[in-house]
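Good morning, colleagues, and thank you for your time. I should like to speak about how two protein chains meet. Please look at the screen.

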There are 2 protein chains.
Amino acid sequence: MTDTKLDRLKTLLGEVDDLRKASTVLFWDERVMMPPGGAQARAEASGTVGRLAHEKFVSAEIGTLLDELNENDYDYESFEASLIRVTRRDYEKAVRVPPELTGEMRRSSALALSAWGPAKQNSDFKALLPHLERNLELRHRYVECFPKPAETYDVLLDDYEPLMKTAEVREIFDELKRELRPLISEIADAGQVDSSFLHGDFDIDRQREFAFKVVRRFGYTDEEWRLDQTPHPFMSSPGKGDIRLTTNFQPDDLNSIFASMHEFGHGVYEWGVAPELHRTPLGSGVSLGVHESQSRSWENLIGRSRAFWRFFYPDLQQTFPQQLGPIDEEAFYRAVNKVHPSLIRIEADEVTYNMHIILRFELEQELIDRRLEPKDLPQAWNERMNEYLGIDVPDDAHGVLQDMHWAGGSIGYFPTYSLGNVISVQIWERLREDVGDVDEQMERGEFGEIREWLRSHLYVLGRKFTPQETIERVTGSRIDPKPYVRYLREKLAPQPA
Amino acid sequence: MTDTKLDRLKTLLGEVDDLRKASTVLFWDERVMMPPGGAQARAEASGTVGRLAHEKFVSAEIGTLLDELNENDYDYESFEASLIRVTRRDYEKAVRVPPELTGEMRRSSALALSAWGPAKQNSDFKALLPHLERNLELRHRYVECFPKPAETYDVLLDDYEPLMKTAEVREIFDELKRELRPLISEIADAGQVDSSFLHGDFDIDRQREFAFKVVRRFGYTDEEWRLDQTPHPFMSSPGKGDIRLTTNFQPDDLNSIFASMHEFGHGVYEWGVAPELHRTPLGSGVSLGVHESQSRSWENLIGRSRAFWRFFYPDLQQTFPQQLGPIDEEAFYRAVNKVHPSLIRIEADEVTYNMHIILRFELEQELIDRRLEPKDLPQAWNERMNEYLGIDVPDDAHGVLQDMHWAGGSIGYFPTYSLGNVISVQIWERLREDVGDVDEQMERGEFGEIREWLRSHLYVLGRKFTPQETIERVTGSRIDPKPYVRYLREKLAPQPA
């Protein structure tokens with residue numbers, strides 16, 4: 001009987017998953033392929049498919065099956081136990097939120113996002129303010145759907161990093177702040193690295209060719225992957241064996257090479273999920289933090305390593321002989337790893353990036369706890385940028401308006417970026433222990449064993465376990481910033497001459 | 001109350017339409033963009049979305065609303081009356097077919113289609129035979145879902161050309177056969193036209209550029225259209241303001257230029273449907289025959305006319321100076337209009353094309369009436385090819401296996417191609433009367449008034465009226481092959497020297 005019920009649950013969840021995959025295709029197509037004239041019809045189609053996926057998931061029948069099924073009838077590690085456990089948690093969260101509120105949040109976010117573009121363009125915070133206030137108000141109503149948490153922010157964080165508590169993040173980030181602020185000063189005192197040659201004239205077709213060479217070495221195949229161009233890079237996986245990356249090749253810098261590696265990291269995580277988890281709620285990456293650990297691994301731990309460029313730099317030099325001919329490998333390596341406080345998060349280096357995140361994490365808590373009024377955001381932002389990175393924000397476009405997250409209603413998302421940095425090195429250290437000659441392999445342009453280690457230790461797990469369980473299974477310990485800080489210091493601190 | 005009910009009906013139909021549009025995107029993506037590895041997940045997602053669209057359409061609530069609503073409460077020509085009328089007919093057809101049978105037909109077609117590729121490749125009819133037999137058997141069960149028709153074939157034909165009867169098609173096709181067979185002989189007797197220069201080395205990028213020039217002149221804009229490359233050209237419309245064409249540029253001929261114009265004709269019909277009909281069952285072309293009339297109008301009546309090439313030939317010559325430099329406009333015009341019996345339908349000229357269709361139409365009736373056994377198809381095919389076109393079929397790959405329609409379960413589809421030819425000239429004659437200087441406009445590369453006439457007379461109507469009503473509204477008469485025969489004779493019969 002239990003098996004029949006489990007089969008029925010799988011059938012219903014498979015249908016929900018099909019609709020979510022359809023939504024994914026609609027979204028990808030909208031961003032990458034759709035002629036602009038199709039926007040209205042697409043909004044309607046996406047709305048209906050998304051709503052049906054939600055309705056089918058919160059159906060009474062799934063609720064009854066979850067009541068009747070017991071994960072303890074199965075081994076904790078089994079597919080069956082995980083399916084029941086994870087679905088139950090997803091379900092219990094989903095049914096708490098009235099569809100009207102979900103709809104209002106979606107509409108409010110859509111309106112705010114369409115106001116955000118022009119507001120950023122005109123550096124006009126006031127134009128966005130009413131939308132931010134509305135988004136915040138709706139998040140308060142959202143929080144009230146759940147049992148009273150230790151901290152209000154816990155509820156929001158849980159949507160992006162399940163089961164993680166604000167206090168844990170705060171502890172990790174406080175340690176990062178303590179360690180990184182002096183490191184940033186030391187690096188600044190050691191004098192400027194020249195990275196001027198990274199700005200110039202880089203033919204887009206050649207950049208694309210080079211990016212393809214890199215991701216093919218990583219494991220990209222035409223059989224299962226795509227790489228397209230969009231203004232904002234993203235990864236999308238509309239189904240098993242179908243992984244889609246986008247990047248934004250620009251004629252005046254090489255950032256898209258790193259963005260391609262970043263998105264590859266997201267993609268290869270989805271690619272490596274165990275086949276039997278597909279078409280169930282277990283068939284994707286376990287949290288945004290763990291996802292980001294993989295994008296940052298492939299972008300930074302691999303893509304900004306000496307060993308990586310030992311192999312690829314001669315090719316890149318040949319690809320852009322005019323710009324890079326006179327630049328030796330070491331100078332290039334130092335330039336793409338230059339640490340320097342700057343205004344824009346997505347352009348920040350590996351060290352200062354975290355200060356951008358910590359600033360946002362702190363402001364988000366103050367906002368949701370009503371200790372900071374939205375109207376006072378720009379001032380708070382600018383003060384803290386000065387305090388943490390020692391730089392003056394010239395206008396809100398280069399300050400509080402730079403990211404779309406808050407306009408999109410995402411509060412609690414930012415910390416997952418730095419959590420990802422932290423987790424990435426914990427995993428990487430374990431990988432290095434197991435694989436041994438990681439650098440030698442990368443120097444030979446070989447990434448198969450690295451990818452296979454990550455796949456078999458992490459990617460296969462999908463959402464079978466909680467994020468914390470997953471991290472512990474892979475690394476043997478809880479989230480811990482020490483390896484990350486050690487990595488940054490070893491790689492980037494000024495060496496005594 | 002009636003208005004409330006009508007609003008409710010529109011809401012439900014809007015949701016069904018959203019799901020159908022989602023299906024359209026999934027299908028387009030699968031054919032044009034999806035990495036092959038995504039096939040299984042896509043089949044599942046498409047299956048679920050398609051099934052839900054069907055379930056939502058045949059819902060009891062829509063049935064009750066249709067029972068309660070009366071189209072006679074509204075003016076016959078009104079949106080409301082049409083919506084009720086057309087939806088009722090769709091609904092009454094849809095509820096007659098048990099979902100199990102629909103599922104079986106879909107599975108059988110999928111299996112047969114995957115057998116068709118290799119069967120054609122190996123010219124191995126026996127490999128396809130059991131699938132054809134199965135498809136036919138399921139079509140018999142399908143026919144039995146409906147009230148007994150005058151002829152069995154009527155039921156199948158109705159799915160592609162609603163309300164058209166086999167007897168009417170037979171009458172039209174008999175007249176075509178009577179008129180075209182002597183015309184084909186006359187042309188053959190007059191000697192060969194040289195078209196050898198149409199085969200050679202035609203750079204694909206230049207072909208693409210030229211095709212874009214043509215469709216942009218026709219009305220293609222980046223705001224609302226796409227044109228991509230696929231092995232089999234098709235048109236897809238995933239929503240208002242989103243029209244997608246594909247074509248198949250090949251390096252050794254110029255066929256794709258004509259295929260692009262053909263698909264543009266399908267696309268511009270969907271593009272021109274009145275905005276208020278979108279997101280309802282009225283928001284698309286009225287039948288396959290009328291649709292084909294538009295693809296053939298833009299491909300043949302426009303794209304193979306002297307006036308069209310008066311404008312475009314100098315450009316094409318400059319695009320391919322080596323191949324076309326020595327060829328004058330008249331020689332080129334005659335070559336792209338060369339009439340010559342050949343083996344393959346999709347490569348056939350404007351005259352012999354219809355004989356390919358008539359052959360299939362006749363064989364389909366014999367099959368469904370059990371006068372011909374599937375195993376005897378190749379022989380029947382080859383005999384009739386010899387009788388109608390005087391050519392010997394070397395193997396089944398170039399005979400009965402050339403088209404995928406029967407493997408896909410589509411019986412009753414073929415006649416709509418020739419009906420389209422017939423209808424195209426009826427509409428075109430009326431357009432010429434109204435617009436007057438059609439040729440002069442085309443010679444100047446102007447197609448706006450032609451497109452606008454077609455849009456405002458035909459395209460706007462969508463599915464508001466029956467196909468026959470639609471044709472009568474536009475042309476003032478029922479389907480009539482005489483204008484088409486006259487057109488072919490005037491354009492293509494050998495001129496007395």
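Let me begin with a question: with which residue does Glu15(A) form a salt bridge? The partner is Arg51(B), and the closest N and O atoms of the pair are 2.6 Å apart. I should say at once that this is a predicted model.

That pair belongs to a wider set, for the count between chain A and chain B is eight salt bridges. In addition, twelve residue pairs are in polar contact across the interface. On the side of chain A that touches chain B, at least two residues come from each of the helices α1 (2-32) and α2 (39-57) and from each of the strands β1 (225-229), β2 (235-239) and β3 (242-247). Sorted by class, that side of chain A has 16 charged, 15 nonpolar and five polar residues.

Let us turn to the extent of the interface. Contact involves 36 residues of chain A and 36 residues of chain B. Between them, the two chains bury about 2,800 Å², and carbon and sulfur atoms account for 60% of that area. Of the area that chain A buries against chain B, 17% is supplied by Asp18(A), Met33(A) and Pro35(A), more than by any other three residues.

Finally, I come to the symmetry. A turn of 180°, with a shift of 0.0 Å along the axis, lays chain A on chain B with an RMSD of 0.0 Å. The two copies are therefore related as by a two-fold rotation axis. Both copies use the same surface, since 100% of the contact residues of chain A recur in chain B.

How values were computed
Residues numbered from 1 in each chain as written. Chains lettered and ligands numbered in written order. Predicted model: local features only at pLDDT ≥ 70, side-chain atom pairs only at ≥ 80, totals over all residues. Heavy atoms only, no water. Contact = heavy atoms within 4.5 Å. Buried area = accessible area lost by both parts, 1.4 Å probe. Salt bridge = Lys/Arg side-chain N within 4 Å of Asp/Glu carboxyl O. Polar contact = N/O pair within 3.5 Å; in protein donor to acceptor, adjacent residues only side chain to side chain. Helix = DSSP H or I, 4+ residues; strand = E, 2+ residues; numbered from the N terminus. Nonpolar A, V, L, I, M, F, W, Y, C, P; charged D, E, K, R; others polar. Least-squares fit on C-alpha atoms with pLDDT ≥ 70 in both.
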